[in-house]
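Visitor: I have the sequence and the fold on screen. Could you walk me through a few of its features?

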Amino acid sequence: MTDSDFDGSVRATLADVALQTPVPDGLNERLIANAEAGRTVVTPLHSSRRRVGWTLPLLAAAAVVVVAGGALAVSHLADQGNQPKPPAGSATHIPTAPPRPVDPVPDFRVATVSFRDPQHGVALGVGNCGGPAAASCKVTLIATDDGGASWHVLGVPPGLRSMLNPDDPSCGTNGGVLGPCVDRVLFADSADGYLFGLHEFYSTSDGGQTWHHAPAPPADSSGVPTINNVPTMVAAQGYAYRMFAAHESSAGGAGRLQRAPIGTNDWTDISPADAGIYTSFLAASGPALYLEAGIYAGHENAQLYRSTDHGDHWQQVGPKNASLANSLSNLLVAPDGAVALTTIHCTTYVAADGISFSEHNLPGGCHRTGAYVAGIASGTELTVVAHPGPGNDRHLQLYHSSDGGASYQPVASNDPPGSQLTTAIQMNGDFGYVATSPYRVDVTFDGGRTWQARSF
Amino acid sequence: MSDEGFERFVRAHGGSLFRTAQLLTGNATDAEELLQDTLTHLYPKWSAVERSDVPAAYVRRALTNRFVSQRRSPAARHASHWDLPDAWDGRDLSETVAVRRTIWQLLGTLPEKQRAAVVLRYFHDLPDAEAAQALGCREATVRSLVSRGIAALRGGYFATTAAEGSVR
């Protein structure tokens, strides 16, 4: 197929989908009534398909998979007593209300959830709505210390805009920032946490009682803003890492990877030379740090960079003869330093030593969006999520491997993985969680065989 | 605010905007939510929409911008729901349908801004300037986004067909 033919196929595909997309019954009347009432949530259209009514803002919650990848690692490392923790800088500390218990938060609707271990998790969303309109809701940060059985409110900086508020579409709108807006959260431990989003970054070292508003990194030498894409954070062994990808540069990815000791805002640039950070993947555990980048910096293929000294030095590693460009679906590092990659073509690459990758494919063929590594406990134990087969597009299945990905066994489970798994799943050995609706998270303590719903 | 004007607009353009939203989000539920979000946001200032040169283009810009602003990580993109047209289901697929099915599924793996740029260019045939307005970026960025998006689709398509060929 020539380039011209392919372009024509893309046009025909879009036209065909549009032509074959039936307009739902009563759509216009529903749109009018909801708009006039100030409502942004609609009734799910195809409940008979067992489709979870997952709103667009909630889909952003899956960013937690990246966040939690590092956060989970923190639980193994935060108590090792080697965290560098210099005094806080000359930040402006913003007092907030002290934590108070709630059960539940009225109207809480989650945008992001992450657990750093089976007991401790945080969820960012909106709640305490003053009226039916989303605009009346307040940005709310809640935390659990008992695996989601109960939640309490943490303070947030004053004046935050809600990413779920239609009047504040600033999170992610390049150049259209209306006010402080965050849509991600990461807590390295019970005290040290980060709220971040497009153009905004806050940190706390007292569990949310006060927040430090760290200014955005300056534009790079070419004047390109370094924060205009999805910011990503991970934390491990006393360090927090933040990656601000940029894609406005004609030269390609001009993002930055920075590091600061947890509890400080002493950010230093540790970007690999010529890495070209765009929509990159980042994972950390112990001193090991992995970065997938390079695809938009003039390279034909994305490259995997590995550091074993918190980002001071980098080496290119990665599976040989594998094209990661536009195909990598996730990247995770185990506490023992083993690393696993998955692709949309259902290929898994596992390196127990972080360098020598073995390549395997999921059994049963590859369907829809491929495979996605949800957890890696070691170089031999990992869990992958994939669609189980054709005609089963709306289901996802957990697969577990005990031999470094050489073979996989489906995890027999009740819901949610069988029928309702929609987004945001993270496994850490026997513990895992998945957000299945705006109002709940499901957790497992037996490797995904049984799940328990937790409301906020 | 003109309730009558708003209602008339929705009845005239609701279906068309829904289809655009479907191309962006990949499924009907998210498409309706995206469109609802957009219209609810615009409703209080509908008189400004009506004063624009082409209200339908104004709303489409807002819808696209809202979609792009609802950022998702690659992981979320991977796990999101992506509907296939009913007519494409089944085992006996013609080659044409098989090609379109593959391209449509690959479209769902693109970053939101690339996907939106491809839809604006290849479905709406928008010039760079108008696409740049809708996406909130520069014209050069639009060209880059489209180029990257098509390259990714093409690469994914040939990788997929090669993999299927090797299985056979």
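**Sheets, crossings and two unusual residues**

Visitor: What is the strand order in the open sheet of four strands with β15 in chain A?

Guide: This is a predicted model. The four strands of this open sheet pair in the antiparallel sense. Their order in chain A is β15-β16-β17-β18.

Visitor: Which strands are the edge strands of this sheet?

Guide: An edge strand pairs on one side only. In chain A that describes residues 281-285 and residues 315-317. The edge strands are β15 and β18.

Visitor: By how many degrees are neighbouring strands of this sheet turned against each other on average?

Guide: Direction is ignored for this angle. The average turn between neighbours in the β15-β16-β17-β18 sheet is 25°.

Visitor: Which residue of β17(A) stands opposite Y290(A)?

Guide: Strand β16 of chain A covers residues 288-293, and β17 covers residues 303-307. They pair in the antiparallel sense over five bridges. Opposite Y290(A) stands R306(A).

Visitor: Where is H310(A), and is it buried or exposed?

Guide: H310(A) sits in the loop between β17 and β18 of chain A. Its phi is positive, about 65°, although it is not a glycine. Most residues other than glycine have a negative phi. Its relative accessible area is 15%, under the 20% cut-off, so H310(A) is buried.

Visitor: What is the strand order in the open sheet with β19 in chain A?

Guide: This open sheet has four strands with antiparallel pairing. Its edge strands are β19 (328-333) and β22 (358-361), each pairing on one side only. Neighbouring strands are turned by 15° on average, direction ignored. The order is β19-β20-β21-β22.

Visitor: Which residue in β21(A) stands opposite L341(A)?

Guide: β20(A) and β21(A) pair in the antiparallel sense. The pairing runs over four bridges. L341(A) faces Y349(A).

Visitor: What is the relative accessibility of C346(A)?

Guide: C346(A) lies in the loop between β20 (339-343) and β21 (347-351) of chain A. It is not a glycine, yet its phi is positive at about 65°. C346(A) counts as buried, with a relative accessibility of 4%.

Visitor: Now the helices. How are α2(A) and α1(B) oriented to each other?

Guide: Helix α2 of chain A spans residues 27-36, and α1 of chain B spans residues 3-25. Their axes come within 9 Å and cross at roughly 130°. That angle lies outside the parallel, perpendicular and antiparallel ranges, so the two helices are oblique.

Visitor: How many residues of the contact of α2(A) with α1(B) are nonpolar, polar and charged?

Guide: α2(A) passes α1(B) in a right-handed crossing. Among the contact residues are L27(A), L31(A) and I32(A) of α2(A), and F6(B), V10(B) and F18(B) of α1(B). Charged ones include E29(A) and R11(B). The division is seven nonpolar, three polar and five charged.

Visitor: What is the handedness of the crossing of α1(B) and α7(B)?

Guide: Helix α7 of chain B covers residues 112-122. The axes of α1(B) and α7(B) come within 9 Å and cross at roughly 140°. The two helices are therefore oblique to each other. Their crossing is right-handed.

Visitor: Which residues in α7(B) do L23(B), L24(B) and T25(B) meet?

Guide: L23(B), L24(B) and T25(B) belong to α1(B). By class, this contact has four nonpolar, one polar and one charged residues. The partners in α7(B) are R115(B), A116(B) and V119(B).

Key
Residues are numbered from 1 along each chain as its sequence is written. Chains are lettered from A and ligands numbered from 1 in the order in which they are written. This is a predicted model: local features need pLDDT of at least 70, side-chain atom pairs count only at pLDDT 80 or more; totals for chains, interfaces and linings use all residues. Side-chain values use heavy atoms; hydrogens and water are left out. Two strands pair if DSSP finds at least two bridges between them. Axes are lines fitted to C-alpha atoms, for helices over the stretch in contact, and angles run from 0 to 180 degrees between N-to-C directions. Angles under 35 degrees count as roughly parallel, over 145 as roughly antiparallel, 65 to 115 as roughly perpendicular and the rest as oblique. A crossing is left-handed if the near helix is turned anticlockwise from the far one by less than a right angle, and right-handed if clockwise. Contact means heavy atoms within 4.5 Å. Buried means under 20% relative accessible area, exposed over 50%, partly exposed in between (1.4 Å probe, protein chains only).
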